[in-house]
Amino acid sequence: MQYRPFHCRALKRVHSRHVALTDQAKAWCLATGIALMTPALAAQPNSSPIRAAASDQAQTATTPEGLLAQCNGPDHSVPLGARPAQAWRQLTAQAAWLNARTLRVGAAVQATAVAQWRLAHGQGLPEHLRIGEVLDPSVHTWSLQQGPDLQVFGDSALATSHLGRGQVLSLPNRADLSDAALRRLHAGPQALLGLDAHGRVVVAERLQLAQALDDLYAQAAAATELGVRLKQPAATEWTLWAPTARAVWVCVHGPKGADATELVPAEQDQASGIWHARLPRDLRGHTYRYLVDVFVADGGWVRNRVTDPYSVSLTANSQHSWVGDLADPALAPAGWVGHRRPAAPAHAVDMMISELHVRDFSAGDRSVPQALRGKYRAFTQTHSDGMKHLRRMAQAGLRDVHLLPVFDLATVPETGCSSPDERALRAAPADSPQQQALVQAMAGRDCYNWGYDPWHFNAPEGSFATDAHDPAVRIRELRQMVMALHRLGLRVGMDVVYNHMSASGQDPRSVLDRIVPGYYHRLNARGEVERSTCCDNTATEHRMMRRLMIDSVVLWVRHHAIDSFRFDLMGHQPREAMEALQAAVNQAAGRFVPLIGEGWNFGEIADGARFVQASQLSLPGSGIGTFSDRLRDAARGTRHGDDVTTTVSRKGWLNGAQGHDLAEAADLIRAGLAGSLQDMPLTLQSGQTVMARDLPYSGQPAGYVREPGEVVNYVENHDNPTLFDLNAFKLPLETGAQERAQIQVLGSALVAWSQGVAYWHAGQEILRSKSMDLNSFDSGDWFNRLDWTLRDNGFAAGLPPGQDSRAFWPVMAPRLTQAHIKPTPEVIRFSRDAHLDLLRVRASTPLLRLPTAQAIRERLSFPGTGPGSRADLIAVRVAAKGWPGSVHGAVLTVFNASAEPGHLVLKPHEAAAWVLHPVLASPAAADRRLRSQARWVAAESRIEVPPRSAVVFVAP
């Protein structure tokens, strides 16, 4: 997305500037239970096998009875000893391991009085550390010596560059400092100490340990499958990577989370850090959790009860992991095995995507049985209004549906959710705050959220299932949904969020950090979790977080027949990891699996600060697509962070830009229509010819990709106001609904007829409005609803929630009351049918989706550019020149943003026997104006088009 909503999923950036966490974001995250500041428990466990100072509680808890009580008790964490001293708890972590034996000191560490550096570790350290005092002799330490220059550490130096350039220190090469000894070093507290000439501690910093763990446990990144597995003839095995844990048990629960009656101790493989447990029984259908003894920096030793990060399904509200085999025939709905999937796209540009939320699709569809509304199985209702709509779209040329997150998420109750009284919502006036007040009063317990708050990456979300208590049901029903979409000829894409988790630290929803504290999340220079994404950032540059991400997408491809992926905030991940992921999913699927994502460049990793990112300017040549803000902003006008006045006054090419702004927008749109290619020549309004990479866009190149499959074109998606709502801000108040619909079609045509991947938002084709909501992530069914009967587009449903929109209410209110803005069913139907025509044109015209940069450069040109040309009229000519599959010798696409008819005189080499595209010339075409007003006047070499229209002409 581009205009970053202020919530835990999407405080993001369009450009490379820094994005600050807003008060609204903090308030939302706190209100929804997502920790922006990790809550610390009173205490936590320590690292020696038997702790002499352990409390009676801890000693009791090591008995089988005590352990089973913890499996079934109310507490997700139990302290195993006294809480560390305050001096320890207040330490920062301004030092980091570079590998197993070498570390770097943060530049901010005041080291002028340090005479010697030592590495301290062991159980007495948290209790006995005192700044300004001689270290207690019971604390074990190793001397450190000056290490090599940072430059020799390559990627590790870059990954820890957030610390700044301080000293590099190394452990001595000693026989008693073997790899096994170093591994034990990390199973408990450790600190870098600087001692003065008198042996007093003058510097103490905890250590960021990810690079050391990656070095010591590199084998784990290539180890066998993690999670639970059923073995023949009858056995159940568990594997969990927890290298810093001192003990792990499996709590074996009954089906659907019944109380645990059995406890299985796990044994650790020292080389990989993986714990293994086994029972000689087939426990399919049972559930389980882990007990993990780990040291937590600010609490000490704790025993955490935690679900499995590799859970393939869960009980209601993610309380228990489930034992199952995804290849089990019992999990396959009728027809699943070997069902016919749509062919993979030959090239990424063959994708034509609609982005859809599972709940939005059917929550308000009265043609769906009540029990199935908002559920996976709504897609199996072949005669519902929603499925009829999707069928029309697929028959016209829609090729892909991308689903907003369907993995296990944290913010929607999987049982017992509720919604406001719809009668009260409908009864309130169009400009009333009553609707949003009713919605917000229930936001914490209603059935709605976009879902960008991951809890378990590999398990289907239970709120979309008809029975969240039975972990098998959500698997079967998700597959039924996928199969139903495949039957329409639609590939199924999945929106995935590996850049952050819903929580870290000791929060009950922290499924990673409570197993390997300090590893899975990206830390700042003080050792705190980074939250530039507005939630707790993960670190996919670390081997096992990278592995988890890749394992996860492979699982969705292999076991749930997912055809493509859209990555949330992909720029927060390394390019190398994404390229490895691409290879892995292609191999798992046995076919091309397209990857697209948000390549925004911001936060702590901006401009390659820690690794080469999977961002807009870093991905060219990879074949992975990124969303383009260039065409979007030029078309719409609004940019991220615009205030009320600017939102209304900053016009785009579609809605009234004038003068220099119009010319600049037209140049950017031409670059987008040519696939945003770096080396596409463009003739500007000034007459100057430049390469698209030299055309500026907010300090960045307008042309930034090497191949057209690396750009995703769009003017609307789930984030921020819909195109209809933005135009409600920007168009003259008197603009009628029919004209607004024509502008909507024009905006969608810019996307559908651009070179590159085309991406629409579900409902864009039916003038979808969220009643001008700026950020509907938690605005409930009311503001996010879709009406497939085409009676209501959602406009004038009340003032949207005040969290993000309150300052805009004075501007919104008078617009929401204008009856002529709200489209009638006839206008909505016109828009739907005109969008179907756009799809038919794209599907039947290969020249509008050329797969290579070379093909585009050789064939595409822009008639009518240069000095004196009209900036509100854009024409694109594509010559076939023998292109395979093209039934036309050339195609001429004309976009007219003016409220007046447009005409364009072509040069002799551009002239041809132009006729209206057969789809648009058909008596069934939605925009009847085109048949009479769009024409080629050969005698004057002139193309004519009606106002606010998008037209395609073809030549033999």
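Helix α14 (residues 543-560) packs against helix α15 (residues 575-589) in this predicted model, with an angle of about 25° between them and their axes 9 Å apart. Angles under 35 degrees count as roughly parallel, so α14 is roughly parallel to α15. The crossing of the two helices is right-handed. If you would like to trace the contact yourself, start on α14 with Arg546, Met549, Ile550, Val553, Val554, Val557 and Arg558. Their counterparts on α15 are Glu576, Ala577, Met578, Ala580, Leu581, Ala584, Val585, Ala588 and Ala589. As a reminder, an α-helix has 3.6 residues a turn, so residues three or four places apart point the same way.

Which loop holds glutamine 573? Glutamine 573 sits in the loop between β26 (564-567) and α15. Is glutamine 573 buried or exposed? Its relative accessible area is 0%, and since buried means under 20%, glutamine 573 counts as buried. Leaving aside neighbours within four places in sequence, glutamine 573 is in contact with residues that include Met549 and Met578, and these two also take part in the meeting of α14 and α15. The other contacts of glutamine 573 are Tyr498, Asn499, Thr540, Phe567, Asp568, Phe611, Val612, Gln613 and Ala614.

Now for the sheets. One is an open sheet of 4 strands in the order β5-β4-β8-β9, with antiparallel pairing. Its edges are β5 (140-143) and β9 (201-206); each has a single partner strand, so one side of each is left without a neighbour in the sheet. From one strand to the next, the twist averages 30°. Another open sheet has 5 strands, ordered β35-β36-β37-β42-β39, and its pairing is antiparallel too. Here β35 (860-861) and β39 (915-916) stand at the edges with a single partner strand each, so one side of each lacks a neighbour in the sheet. In general, strands of a sheet pair through backbone hydrogen bonds, either parallel or antiparallel.

Some of the strand pairs can be set side by side:

| Strand pair | Sense | Bridges |
|---|---|---|
| β4 and β8 | antiparallel | 6 bridges |
| β4 and β5 | antiparallel | 4 bridges |
| β39 and β42 | antiparallel | 2 bridges |

Individual residues help to fix the register. Glutamine 116 has leucine 195 in β8 as its bridge partner, and histidine 121 stands opposite histidine 140 in β5. For valine 915, the bridge partner is valine 954 in β42.

Which strands does helix α18 lie across? Helix α18 (residues 659-673) lies across β35, β36 (873-879) and β37 (890-896), and runs at about 25° to β36. Helix α20 lies across β37 and β42, running at about 145° to β37.

Helix α20 (residues 737-752) has 16 residues and reaches 22 Å from its first C-alpha to its last, close to the 22 Å expected at 1.5 Å a residue. Why can α20 be called largely enclosed by the rest of the structure? Of its 16 residues, 14 are buried, so the description fits.

Note on methods. Residues numbered from 1 in each chain as written. Predicted model: local features only at pLDDT ≥ 70, side-chain atom pairs only at ≥ 80, totals over all residues. Heavy atoms only, no water. Pairing = 2+ DSSP bridges. Axes fitted to C-alpha atoms, helices over the stretch in contact; angles between N-to-C directions. Expected span 1.5 Å × (residues − 1). Buried < 20%, exposed > 50% of the residue type's maximum accessible area, 1.4 Å probe, protein only. Parallel < 35°, antiparallel > 145°, perpendicular 65-115°, else oblique. Left-handed = near helix turned anticlockwise from the far one by under 90°. Contact = heavy atoms within 4.5 Å.
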